[in-house]
Structure formats: structure tokens, C-alpha cells
Amino acid sequence: MDKTLVKNFFKYVTANVAGMVALSCYILADTFFVSQALGVNGLSSLNFAIPAFNLINATGLMFGIGGGTRFAVLKARGLNDEADRLYSNTFFTGAIVGGVLMILGVSIPEQIASLLGASGELVPLTGGYLRLLVGVSPVFILNQIVLCFVRNDHNPQLAMTAMVVGSLFNVLFDWVLVIVCNMGMEGAALATVFSPVISLIILSLHFLTKRNTFRLKAVRFEARHITKTLSLGAPSFFVEFAFGLTTVIFNIVIMGLSGKVGVAAYGIVLNLAFVTISLYMGIAQGIQPQISEYYAVAKKKKALAVVFLAISLSLLISAVLYSVVAFKADSLALIFNSENDFTLNVMAANGLRIYFIGFFVSGINVVLSQYLNACEKALKAMIISLSRGFVSIVSFLFILSHFFGMDGVWYSFTASELITLVIALCLTLFAGRGVKARRQNDILFLDGTENPYIKQKD
């Protein structure tokens, strides 16, 4: 295998995995400190608020991943001015959408909390968290956009540094505001708010270096850029948004099965799962620049080699993580169980052991979805995302929970990922069919269009 390909693979993937894990710790740190300060009520309230964070993050990923993917293709084809206009349109549109979310978050936080399933004493706790979190939506969204463009501008190390440092500040502020200052849910939200601000400050250093190749410009709105960005970013949006939407549905189902203790147990499982899925998302986002560049110059074999490396790494990670969960589930659950609630600990530990089986398959699905998306096959990538993120998992949730109770809730994740794997393999295997050269010696892009920038084969 090409040594340069392997070197670049680990360069991008290592940086992105570290960054995504750090990003996932935003909520994990909140969960830990809130559980210490507020117990079961805090855990339940935070779990009701997570879908709002998913929506904000999903919007940022849609603009960031979509714009970044298109940016990599345009740069590889030498269309630098087009790339600048794409970035500017993406940045300004993301800011406007973030502003709309900010107004809603500041105006009706408790109504949003009720809509997300909170009730009774949990509504003001959840609402206080949401007011601050959703109130800075533009910062979260712009942070995701700049992160993705900097990563695709061949600076994954700076993107990683920004995410890691931002997350470390979140942990520090969580301890100070929640534990030391006893600010409860509002303190946890305020700590989370500081993280993307720190990240953006670090990312701004990229624009002061010679390696930077894109600029923010005053440009007119171009619908074609935004349409392309949204279509390529839609799979990433649906992965994250569906995660939040299914969380709402899971919370409602679990409340009916086991009450707020069940929701708290699900919150523990979900937060650890959120960190785990960030590993696979880090791998997927890490391979995106490589695959997009290989796609732009019609090097499909190299693109597939990158996918092979990504799947192999995801399976290795799954094996290591499940080994830890299988033997240490009780200890992991106890970390978030400050009140030493026996029922909560048994329920969460059992959930971890069952739920984490699905990650052996989940990692493959995430990689295949990103491969298709990086090759500008957004519809196929979206089908995978919709299946695993909403359609399959919600269907299995209702069916399995009806027959097996809480065990059925945990097994629904694995069942969903298995069905999605079948779909993903079919879509990937047939992704390149139907492309015919119009002249015998043409070099084609993977979408079948002629590539004027390269006249030699792989």
C-alpha cells in the first residue's frame, strides 16, 4: 500500500479522532459534574436537554462538512476563487441560521424543555440549561464551519488543537462553576458556552499563516453554493439531528417503562455512547479530505484503500472498547451515580453491556456513509444516515421494548445498525456502476464527468 497514503491517513485521522473525542466531552463533562451536584434529577434534566445540543451541532456539521467537502474538491480542481465564494456564503448563512436558533433559545427555553419531554420539577432545570446553550448557537455553528474548512485546508493539527483546548476549558469551567460556585445546570451550560469561543480564537491563527488558502469575502448570496453545501452536509446533519430526535423518543418510551431513574440510566449509556461514536466520526471526518481529493482526480482505488484502513481501525477500536465495557460496566455507571442508587447502577451497567455490541457494526456504517458523501453521492449517504439514525432504530425501539422492556430498548441500537449495514454495503458496492467513458482514453471523475486536470491513470 502507498506509504504516503497511509501516512496521510494517520495524520488526518489521529488529529480528528482526538478533536472529536474532545468535542464529545462537552456534554460528558457536564453530565459528570451535574450528576455530582444534582444527582438523578440533574442527570434526567441534562438528558432532556441533549437533543437541543444535537440540533445545534447538526446544523454546524451540515454547513461545515458540506462546505468543507465541496471546498476540497474545488481546491483540487484549481478553482480557488470559487472556493473563497463557497466559504463566504457558507459562513454568513450559518451565522444567520444560528441567529434564528439563538432567538428561540433565549425567548422560550422552558417551552422547549417541555417539548423535549421534561415535566414537573425537571422543566426549570432543563430550561435554565437551554437558555444559555441555545443562546449562543451562532458561536457553535461558526466554530464547526471554520473547523471543517481549516481541516480541509491541510491543517488538521490546528483543528485538533482547537477542539482539545476548547474541551479542556469546558472541563475546567464545569468544575469551577458547577462544583465550586454551586451554579447547577446554568453553570454547566455556561462552561459549555466558553468552549467554542476558545476554539474559534485558536482557529483564527490559521488565517495568519502562509499555508492558509481561503479568505472571508463580501460576496453576494449564491444559492448554488448553499444548495451544494446543504446536500453534501445533509447526511452529517441527519446523523446528529436524528441522534437528538431519537433521544427524545427514547426518553418518552423509557419514562413509561422505568420513570426518571430509567431516563438517568439511559443518560449514562448515551453519554458514553456519544464519546464512542465520536471516535468513528473522527475517523470518518479524517478520511474525508483524502477521499475528496482522490475523487477529484479520479483515483478510486486509492479512495477505497483509505476506506479499508478506516474500517479496519474502527473494528479494532470496537473490540478494545467492548472489552472494557464488558468487564467494567458497573464501575463506569458508578462514576455518574453520586447517590449510589442501586437500581440506577444495575440498569445502566446492563444497558452498557448490551448497547455497546452495536458499535462493532456502527463504525463501519459511519465510514461507508462518509465515503459516499466525500465522493459527492449525498443521497446514498443520506439513506444510510436516515436508516441508522432514525427509521430503523425507532422502529426497533417500539417493537423490542414492547416485548422485552428495557432490554429491548438497549438491543434496538444493535438491530438497527445490522439492518443499516446491509443497506450501506449494497449502496457502496453499486456506487460506481453505470459510469461509461465517452472516449476510450478519457480519465473520468467518479461521478462520470470528464476530468480536465489529469491525463494519467492511478
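Biologist: Is Cys-148 buried or exposed?

Modeller: In this predicted model, Cys-148 has a relative accessibility of 1%. Buried means under 20% relative accessible area. Cys-148 therefore counts as buried.

Biologist: How many disulfides does the structure hold?

Modeller: A disulfide is a covalent bond between the sulfur atoms of two cysteines. For Cys-148, the closest cysteine sulfur belongs to Cys-375 and is 17 Å away, which is too far for a bond; the cut-off is within 2.5 Å. For the structure, the number of disulfides is zero.

Biologist: Which class of exposure applies to Cys-181?

Modeller: The relative accessible area of Cys-181 is 41%. Buried requires under 20% and exposed requires over 50%, so Cys-181 is partly exposed.

Biologist: How many aromatic pairs does the structure hold, and what is the geometry of the pair Phe-32 and Phe-33?

Modeller: The number of aromatic pairs in the structure is 24. The ring centres of Phe-32 and Phe-33 lie 5.1 Å apart, with their planes at 75°. Planes over 60 degrees apart count as edge-to-face, so the geometry of Phe-32 and Phe-33 is edge-to-face.

Biologist: Which residue of the pair Phe-207 and Phe-214 is buried?

Modeller: The rings of Phe-207 and Phe-214 form an edge-to-face pair, with centres 5.3 Å apart and planes at 75°. Phe-207 is partly exposed, at 25% relative accessibility. At 0% relative accessibility, the buried residue is Phe-214.

Biologist: Which residues form one aromatic cluster with Phe-207 and Phe-214?

Modeller: Phe-207 and Phe-214 are paired edge-to-face. Both belong to one aromatic cluster, whose other members are Phe-71, Tyr-87, Phe-91, Phe-92 and Phe-149.

Terms used: Residues are numbered from 1 along each chain as its sequence is written. This is a predicted model: local features need pLDDT of at least 70, side-chain atom pairs count only at pLDDT 80 or more; totals for chains, interfaces and linings use all residues. Side-chain values use heavy atoms; hydrogens and water are left out. Buried means under 20% relative accessible area, exposed over 50%, partly exposed in between (1.4 Å probe, protein chains only). Rings of Phe, Tyr and Trp (its six-membered ring) pair if their centres lie within 6.5 Å; planes under 30 degrees apart count as stacked, over 60 as edge-to-face and the rest as tilted.
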